[in-house]
Amino acid sequence: MTITGKVALVTGGGRGIGRAIALRLADDGAAIALVDTNEQNMEAVAAEIRERGRKATTFQADVSSRQQVYDAVDHAESALGGFDIMVNNAGIAQVQPLSEVTENEVSTILGVNLEGVLWGIQAAATKFQERKQPGKIINASSIAGHDGFAMLGVYCATKFAVRALTQSAAKEYASDGITVNSYCPGVVGTDMWVEIDERFAELTGAPKGATYEKFVEGIALGRAQTPEDVAGFVSYLAGPDSDYMTGQSPMIDGGLVYR
């Protein structure tokens, strides 16, 4: 129970990696604020958290809206009586040849993957400063933030950018006792990877499942990643054992990309 009594907000907490992070942080002792666009998904996760004996609240928001992210942080503090950990997990994928990417597609993915993280950093740091307390900000990057992949160029660019924001924020907020780190998953068995695989099939003519299997075959530990694998590392970043770590974006991918 390393974070017993803390309050954590998880964006994109209604499914996949976000759900696993929320449940793990609840198991670690935190009260959880879930932020997502899908109210039904959030309520289902909130029910799981309450079954574990922890407090949970939900707030429907689009992280590409700065005001909605600030409102979500205010709600978490008000509903749960504090604010200690911000997990900027929400993200979307885009599989598209660079030559065919449209203005709307770029705007959409930048709004969620980059601006959503920036607004989350801003809102959390502002709240920590108002409360005159240290805090933890944890951002979702990716192995695609360390290595560019064909057909995923703009997605990769957003995840590289998250690493840059993480480093800059770590330097700006260190004097306030705020640490900022990122986690970089690999091939995780979630709905997002189903969508990525299906899109690759459309573009390349590969059978459905073939792209996913090809990536998994390259993992040294011999299996696809689970959301719980990611959540375990985020648990470390959220807890006191990582207090002397800031500005870092380690990969948690089973041995796929090496740096």
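This is a dialogue on reading confidence, annotations, salt bridges, burial and aromatic pairs in a predicted model.

Visitor: How should confidence be read here, and where in the chain is it lowest and highest?

Guide: The general idea is that where pLDDT is low, the predicted coordinates should not be read in detail. In this predicted model the chain has a mean pLDDT of 96, and 100% of its residues reach 70 or more. Confidence is lowest in helix 6 (residues 191–204), where the mean is 84, and highest in strand 4 (residues 85–88), where it is 99.

Visitor: Which residues does the UniProt domain annotation cover?

Guide: Such an annotation may be inferred rather than shown by experiment, and this one comes from an unreviewed UniProt entry, which labels residues 6–186 "domain: Ketoreductase". Over residues 6–186 the chain is 50% helix and 19% strand, with the end C-alpha atoms 28 Å apart.

Visitor: Which residue does the "active site" annotation cover, and what is that residue in contact with?

Guide: The unreviewed UniProt entry places its "active site" annotation on Y155, a residue that lies in helix 5. Y155 has a relative accessible area of 10%, under the 20% cut-off, and is therefore buried. Leaving aside neighbours within four places in sequence, Y155 is in contact with I92, A93, Q94, I109, N113, S142, A144 and M192.

Visitor: K159 is also in helix 5; is its side chain buried or exposed, and how far away is the nearest side chain of opposite charge?

Guide: K159, in helix 5 (residues 153–173), is buried yet has no salt bridge, the nearest side chain of opposite charge being that of E195, 13 Å away. A salt bridge requires a nitrogen and a carboxyl oxygen within 4 Å. With neighbours within four places in sequence again left aside, K159 is in contact with N113, A140, S141, S142, A144 and G145. N113, S142 and A144 thus appear in the contact lists of both Y155 and K159.

Visitor: How many salt bridges does the count come to?

Guide: The count comes to twelve salt bridges, and a useful way to read one is to set its distance beside the burial of each partner and the place of each partner in the chain. D28 forms a salt bridge with R24, in which the closest N and O atoms are 3.2 Å apart; D28 is buried, at a relative accessible area of 10%, whereas R24 is partly exposed, at 34%.

Visitor: What does the salt bridge of D27 link?

Guide: D27 pairs with R52, their closest N and O atoms being 2.7 Å apart. This pair links distant parts of the chain, with D27 in helix 1 (residues 16–27) and R52 in the loop between helix 2 (39–51) and strand 3 (56–60), 25 residues apart. D27 is partly exposed at 36% relative accessibility, and R52 is partly exposed at 38%.

Visitor: Which residues does the salt-bridge network join?

Guide: One pair to start from is K127 and E77, whose side chains meet at 2.8 Å, N to O. The pair links distant parts of the chain, since K127 lies in helix 4 (residues 103–131) and E77 in helix 3 (residues 66–80), 50 residues apart. K127 is buried at 5% relative accessibility, while E77, at 22%, is partly exposed. Salt bridges that share partners join D74, E77, K127, E130 and R131 into one network.

Visitor: Where does T126 lie, and what separates its C-alpha atom from that of Y70?

Guide: T126 lies in helix 4 and is partly exposed, at 28% relative accessibility. The C-alpha atoms of T126 and Y70 are separated by 9.2 Å, although these residues are 56 residues apart along the chain.

Visitor: How many aromatic pairs are found, and why is the pair of F233 and Y236 called stacked?

Guide: A search of the whole structure finds five aromatic pairs. The ring centres of F233 and Y236 are 6.1 Å apart and their planes lie at 25°, under the 30 degrees that the reading requires, so this pair is stacked. Both residues lie in helix 8 (residues 227–238), three residues apart, about one turn of the helix. F233 is buried, at 17% relative accessible area, whereas Y236 is partly exposed, at 33%. Elsewhere, ring pairs link F149, W193, Y212 and F215 into a cluster.

Note on methods:
Residues numbered from 1 in each chain as written. Predicted model: local features only at pLDDT ≥ 70, side-chain atom pairs only at ≥ 80, totals over all residues. Heavy atoms only, no water. Phe/Tyr/Trp six-rings, centres within 6.5 Å; stacked < 30°, edge-to-face > 60°. Helix = DSSP H or I, 4+ residues; strand = E, 2+ residues; numbered from the N terminus. Buried < 20%, exposed > 50% of the residue type's maximum accessible area, 1.4 Å probe, protein only. Lys, Arg positive; Asp, Glu negative; His and termini not counted. Contact = heavy atoms within 4.5 Å. pLDDT = per-residue confidence, 0-100.
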